[in-house]
Amino acid sequence: MFGGGGGMNPRKMEQMMEQMGIDVEDVDAEEVIIRTSEYDLVFDDAEVTKMDARGQETYQVIGSPEEVESGAAGAVEGADAGADEDAGSAIPEDDVEIVATRTGVSEDEAREALEEHDGDLAAAVEALE
């Protein structure tokens, strides 16, 4: 897998990470969108790796993004996805991720806590801690 000089044996690297309580898994992502206030970065067929180190999740995205107008990425897909979800569920995904990361609970539990506290991040975090 790793060629050339100086690289660590991948198997030994896996063993070390396991000993430190770090789990690594590939995510089968079709598309990754990073939204900023000025533009969206859209990664099609990106390689995504999720690393979980004692409840703290980190995602690594490898690929070449296309820069598009802010909010334009996923506009059509977002409209379709919204029709499938509950009409009352207006909790932003970013808020769910923040609460889940901060408290170490699953995204479903974080979403439930946010819904119970009308989207209040601080109240949801406090309730879960």
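Tutor: Buried means under 20% relative accessible area, and exposed means over 50%, with partly exposed in between. The model discussed here is a predicted one.

Student: How many helices and strands are there in the protein, and what pattern do they follow along the sequence?

Tutor: The protein has five helices and six strands. Read from the start of the sequence, these elements follow the pattern α-β-β-β-β-β-β-α-α-α-α.

Student: Which residues of H4 are buried?

Tutor: A residue of this helix has to fall under 20% relative accessible area to be counted as buried. In H4, the residues that are buried are Ala-110, Ala-113 and Leu-114.

Student: Why do these residues lie on the same side of H4?

Tutor: In an α-helix there are 3.6 residues a turn, so residues three or four places apart point the same way. For the buried residues of H4, the side is shared because around the axis they cover an arc of only 100°.

Student: Which residues are exposed on the other side of H4, and against which helices do its buried residues pack?

Tutor: Away from the buried side, the exposed residues of H4 are Asp-108 and Glu-116. The buried residues of H4, in turn, pack against H3 and H5.

Student: Which residues make up the largest nonpolar core, and which helices each supply at least two of them?

Tutor: The largest nonpolar core has nine residues, namely Ile-91, Val-96, Val-99, Ala-100, Ala-110, Ala-113, Leu-114, Ala-124 and Val-125. At least two residues of this core are supplied by each of helix H3 (93–103), helix H4 (107–116) and helix H5 (121–128).

Student: With which residues is Ala-110 in contact, leaving aside its neighbours within four places in sequence?

Tutor: Ala-110 is itself a member of the largest nonpolar core, as are Val-96, Val-99 and Ala-100. Once its neighbours within four places in sequence are left aside, Ala-110 is in contact with Val-96, Val-99, Ala-100, Val-105 and Leu-128.

Student: What phi does Asp-118 take just after H4?

Tutor: Helix H4 spans residues 107–116, and Asp-118 comes just after it. The phi that Asp-118 takes is positive, at about 50°.

Student: Why does Met-13 count as partly exposed, and what is the area of the nonpolar surface patch that it makes with Met-8 and Met-16?

Tutor: Met-13 lies in helix H1, which covers residues 10–19. Met-13 counts as partly exposed because its relative accessibility is 36%, and partly exposed lies between the 20% and 50% cut-offs. Together, Met-8, Met-13 and Met-16 make a nonpolar surface patch of about 240 Å².

Notes
Residues numbered from 1 in each chain as written. Predicted model: local features only at pLDDT ≥ 70, side-chain atom pairs only at ≥ 80, totals over all residues. Heavy atoms only, no water. Core = buried A, V, L, I, M, F, W, Y, C linked by side-chain atoms within 4.5 Å. Buried < 20%, exposed > 50% of the residue type's maximum accessible area, 1.4 Å probe, protein only. Helix = DSSP H or I, 4+ residues; strand = E, 2+ residues; numbered from the N terminus. Contact = heavy atoms within 4.5 Å. Arc of directions from axis to C-beta. Patch = residues over 30% accessible without salt bridge, like charges linked within 9 Å, V, L, I, M, F, W, Y side chains within 5 Å. Areas by Shrake-Rupley, 256 points an atom, 1.4 Å probe, with all protein chains shown as cover. Salt bridge = Lys/Arg side-chain N within 4 Å of Asp/Glu carboxyl O.
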